[in-house]
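Colleague: I've just opened this one and I'm not sure where to look. Could you walk me through it?

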Amino acid sequence: MNSESRRLRIMINCAIFAAITAILAQVEIPLPVVPISGQTLAVGLTATILGSRQGAAAMTCYAALGAVGLPVFAGFKGGAQVLVGPTGGYIIGFIAAAFVTGYILEKTSFNLPMALIANTAGMIVTLLFGTIQLKFVLDLTWTQALAAGVYPFIAVGLIKAFLASWIGITVRRRLVQANLIHSSRKAVA
């Protein structure tokens, strides 16, 4: 495959996973400050399947689509005000989480145990970014920010990390076999 075809395939993959994130964002459970949504599941799937750079690029694309006003964020919200609002840190954190998750897998192995570790690390990154912005935007104490932005998400986050790992590794194997994504130097075990 020539470099132009490879770049096009990468752009298509990023667009597809940005769209998947937008769709899963609409699966939400409302909570008082920050809703539980399918976005973080999509971030984990994206990073597990595409890896660090493409995963982060897909999440950057997702955030940019929302920033310009497309209703891709949870609750069909869009606009730059969402990114600077109480929940914007989570969305920005998706970019870093996708990179960290994919990076861990690229440096170790694309298998279920490593994917679970990587997705749990990605969840922590997302919660870290989100809670910091939540604290400062709403002028909360750290205790209040943790109560609103971390504690309600730990159990469901671990479930989503498992699902992203299991589904992501399965899908990645199939896409590598079909030559639709490039295999990393570490074998898919």
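Modeller: Sure, we'll go through aromatic pairs, rings with a charge over them, the core and the pocket. Keep in mind that this is a predicted model.

Colleague: Okay, aromatic pairs. How many aromatic pairs does a search of the whole structure find?

Modeller: It finds 5. One of them is Phe99 with Tyr103, a stacked pair with 5.8 Å from centre to centre and 20° between the planes. The angle is what to read here: planes under 30 degrees apart count as stacked.

Colleague: Where do Phe99 and Tyr103 sit in helix H5?

Modeller: Helix H5 covers residues 88-107, and the two are 4 residues apart in it, so about one helical turn separates them. Phe99 is partly exposed, at 36% relative accessibility, and Tyr103 is partly exposed too, at 40%.

Colleague: And what kind of aromatic pair do Phe136 and Trp142 form?

Modeller: That one is edge-to-face, with 90° between the planes and 6.0 Å centre to centre. Phe136 counts as exposed because its relative accessibility is 57%, and the cut-off for exposed is over 50%. Trp142, at 44%, is partly exposed.

Colleague: Which residue lies over the face of Phe136?

Modeller: Lys135 does, at 4.8 Å from the ring centre. You can find another such case at Phe110, where Arg172 lies over the face of the ring, 3.7 Å from its centre.

Colleague: Now the core. Which residues of the largest nonpolar core touch the most other members?

Modeller: Those are Tyr62, Phe73, Ile91 and Phe94, out of 34 residues in that core. Several helices feed into this core with at least two residues each, among them H1 (3-25), H3 (52-67), H5 and H6 (112-137). There's also a second, separate core of 5 residues, including Phe110, Ala118 and Ile169.

Colleague: What is Phe73 in contact with, leaving aside its neighbours within four places in sequence?

Modeller: Its contacts include Ala25, Gln39, Tyr62, Gly66, Val82, Leu83 and Ile91.

Colleague: Last one, pockets. How do I think about empty space?

Modeller: Picture rolling a probe the size of a water molecule over the atoms, which shows where empty space is left. Here, the largest pocket has a volume of about 580 Å³. It is lined by 35 residues, and the closest to its centre are Ser37, Gln39, Thr40, Tyr90 and Phe94.

Colleague: Which elements supply at least two residues of that lining?

Modeller: Strand E2 (36-37) does, and so do H2, H4, H5, H6 and helix H8 (154-177).

Conventions:
Residues numbered from 1 in each chain as written. Predicted model: local features only at pLDDT ≥ 70, side-chain atom pairs only at ≥ 80, totals over all residues. Heavy atoms only, no water. Phe/Tyr/Trp six-rings, centres within 6.5 Å; stacked < 30°, edge-to-face > 60°. Buried < 20%, exposed > 50% of the residue type's maximum accessible area, 1.4 Å probe, protein only. Lys NZ or Arg CZ within 6 Å of the ring centre and 35° of its normal. Core = buried A, V, L, I, M, F, W, Y, C linked by side-chain atoms within 4.5 Å. Contact = heavy atoms within 4.5 Å. 1 Å grid on protein atoms, 1.4 Å probe; cavity = no way out; pocket = protein on both sides within 12 Å on 5 of 7 lines; lining within 4 Å. Points joined across faces, edges and corners; volume = space filled by probe spheres on them.
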